[in-house]
Amino acid sequence: MIAERQYTPNTTSEECLKIVREEGAILLRDFVNNEEQGEITHEVLSHELTPVDRSNHTIPEQFEDIGWQFRQSPPHVFALGRRVCSLVRPELSSWFVNHVRAQLYQPGEVGIEWHRDYKRDLRMVAVASFMGSAPFDIQLDSGEVSWELLPGDLVLMRGALLNGRQDDRPKHRVSAPDTGKRLSIAYRQVASEVPELED
Ligand SMILES: O=C(O)CCC(=O)C(=O)O
């Protein structure tokens with residue numbers, strides 16, 4: 001199953017969810033148009049981001065970030081989150097976004113090495129890309145793929161419990177851009193504690 005495709009207004013919630021459930025992720029090219037990209041980039045960069053340097057940790061990571069409760073996020077960031085919800089929720093009404101995090105990567109940094117997202121990140125993790133491009137590797141159920149993430153791309157990844165399991169969250173890593181900066185914005189449903197699995 002091909003997990004990378006062009007987003008069009010005809011892209012359905014059903015086809016996206018099927019691929020995320022069966023493969024672990026889908027890459028939708030051009031989900032965010034140029035105007036939205038400009039507005040969001042301007043909005044996020046007008047805030048002060050915090051440097052995060054855990055390049056010597058077990059899972060090395062390095063970027064600048066800022067996070068918001070979804071309802072408190074800036075207007076264009078919020079509007080994009082609403083658009084992501086309208087794509088996902090027809091087939092996954094139990095998913096709602098309550099947290100947004102923007103991450104800014106620069107050449108020479110480590111990005112984020114191989115990891116799974118947290119068990120508290122429920123059902124779906126949606127990550128949109130802005131400004132620059134960078135390699136993104138992910139272990140899909142059918143094998144590892146490498147995607148060059150471009151401005152406007154949206155990646156939807158399987159979160160905990162999407163398929164009733166916690167540990168089928170796909171492993172992935174993102175590199176820093178070779179040139180220029182890259183911004184990503186991740187929309188998540190973060191549970192207040194790690195959910196209990198039911199038998
Ligand atoms: O910035 C990205 O594109 C991916 C971020 C990521 O992998 C994460 O926050 O877990």
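## Strand pairing, ligand shell and helix 1

Val52 stands opposite Phe63, a residue of strand 4. The model in which this pair is found is predicted. The two strands concerned are strand 3, residues 50-54, and strand 4, residues 61-69, which are paired in the antiparallel sense. The connection from strand 3 to strand 4 is a hairpin of 6 residues.

Strand 4 has further partners. Strand 5, residues 99-105, runs antiparallel to strand 4, and within this pair Trp68 has Val100 as its bridge partner. Strand 6, residues 111-115, also pairs with strand 4 in the antiparallel sense; here Gln62 is bridged to Gly111. The pairings of strand 4 are listed below.

| Partner of strand 4 | Residues of partner | Sense | Bridges |
|---|---|---|---|
| Strand 3 | 50-54 | antiparallel | 5 bridges |
| Strand 5 | 99-105 | antiparallel | 6 bridges |
| Strand 6 | 111-115 | antiparallel | 2 bridges |

In total, the chain contains 12 strands and 3 helices. Its radius of gyration is 16 Å, close to the 16 Å given by the globule rule for 199 residues, so the chain is as compact as a globular protein of that length. Along the principal axes, the C-alpha atoms fill a box of roughly 45 × 40 × 35 Å. Buried residues make up 38% of the 199. Of the contacts with a separation of 6 or more, 77% are between residues 24 or more positions apart.

The ligand is surrounded by Gln103, Ile112, Asp117, Val127, His172, Val174, Ser184 and Ala186. Two elements, strand 11 (172-174) and strand 12 (182-190), each give two or more residues to this shell. By class, the shell holds 4 nonpolar, 3 polar and 1 charged residue.

Helix 1 spans residues 13-23, and its buried residues are Cys16, Leu17, Ile19, Val20 and Glu23. These residues lie on the same side of helix 1, because the arc that they cover around the axis is only 160°. As a general point, an α-helix has 3.6 residues a turn, so residues three or four places apart point the same way. The cover over the buried residues of helix 1 includes both strands and a helix: strand 2 (25-29), strand 7 (121-130), strand 8 (134-140), strand 10 (154-158) and helix 3 (75-88). Just after helix 1 comes Gly24, with a positive phi of about 105°.

Definitions and conventions
Residues are numbered from 1 along each chain as its sequence is written. This is a predicted model: local features need pLDDT of at least 70, side-chain atom pairs count only at pLDDT 80 or more; totals for chains, interfaces and linings use all residues. Helices (H or I, at least four residues) and strands (E, at least two) are DSSP runs, numbered from the N terminus. The radius of gyration is taken over C-alpha atoms; the globule rule is 2.2 Å times the number of residues to the power 0.38. A residue is buried if 20 or more other C-beta atoms lie within 10 Å of its own, exposed if 12 or fewer, and partly exposed in between; C-beta atoms are placed from the backbone. Two residues are in contact if their C-beta atoms, placed from the backbone, lie within 7 Å. Two strands pair if DSSP finds at least two bridges between them. A residue is near a molecule or strand if its C-beta atom, placed from the backbone, lies within 6 Å of it. Ala, Val, Leu, Ile, Met, Phe, Trp, Tyr, Cys and Pro count as nonpolar, Asp, Glu, Lys and Arg as charged, and the others, Gly among them, as polar. The arc is that of the directions from the helix axis to the C-beta atoms.
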